[in-house]
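Reader: I am new to this structure and would be grateful for a close look at a single part of it. Which side chains meet in salt bridges, and where do they lie?

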Amino acid sequence: MPGLSSAGGAGLEEVAVGTLTADGTEQTVLEKASMGTFEGWVDLSNMASGDVVVIKVYVKAKSGGSFRQYDSASYSNAQTNPAVHVTRLSAKYGIKITLQQTVGSYRSFDYNFFKRA
């Protein structure tokens, strides 16, 4: 999936870190309305058999514009490789990453996002 991979990088400034507890809605993990290149990690290690999680990436194409979906990936069941890397995404007017658990008992997901220095 473009925008999502399992690799990492260096030379980054941390802009968001925390834990999101899923509630069935599409929840924002990161939202920035500034120019930059962003990347980060979402930890899906708490997923279990029967769980489904969707991670989406949105961008703004112009100042004052609306977020438009760029990419989406769905993850099912316990993950063999639970660290999802949202790769280098550049945006001048804004970027947003969301997570939605659509099936299963609601889990907590750690995340950590960076801006390229």
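Author: The following account takes the salt bridges in turn. The model is a predicted one, and it holds three salt bridges.

Glutamate 39 is a suitable starting point, as Glu39, Arg88 and Arg116 are linked in a network of salt bridges. In one pair of this network, glutamate 39 bonds with arginine 88, and their closest N and O atoms are 3.4 Å apart. This pair links distant parts of the chain, for glutamate 39 belongs to strand E4 (residues 36-43) and arginine 88 to strand E7 (residues 83-91), 49 residues apart. The two partners are set in contrasting surroundings: glutamate 39 is buried, at 2% relative accessibility, whereas arginine 88 is exposed, at 53%.

Glutamate 39 also forms a salt bridge with arginine 116, at 2.9 Å from N to O. Arginine 116 is located in strand E9 (residues 108-116) and glutamate 39 in strand E4, so this salt bridge ties together parts that are 77 residues apart in sequence. Arginine 116 counts as partly exposed, with a relative accessibility of 24%.

A further salt bridge joins arginine 107 to aspartate 51, with 2.7 Å between the closest N and O atoms. Here both residues lie in loops: arginine 107 in the one between strand E8 (95-103) and E9, and aspartate 51 in the one between E4 and strand E5 (52-59), so that distant parts of the chain, 56 residues apart, are linked. Aspartate 51 is buried, with a relative accessible area of 1%, while arginine 107 is partly exposed at 21%.

Methods:
Residues numbered from 1 in each chain as written. Predicted model: local features only at pLDDT ≥ 70, side-chain atom pairs only at ≥ 80, totals over all residues. Heavy atoms only, no water. Salt bridge = Lys/Arg side-chain N within 4 Å of Asp/Glu carboxyl O. Helix = DSSP H or I, 4+ residues; strand = E, 2+ residues; numbered from the N terminus. Buried < 20%, exposed > 50% of the residue type's maximum accessible area, 1.4 Å probe, protein only.
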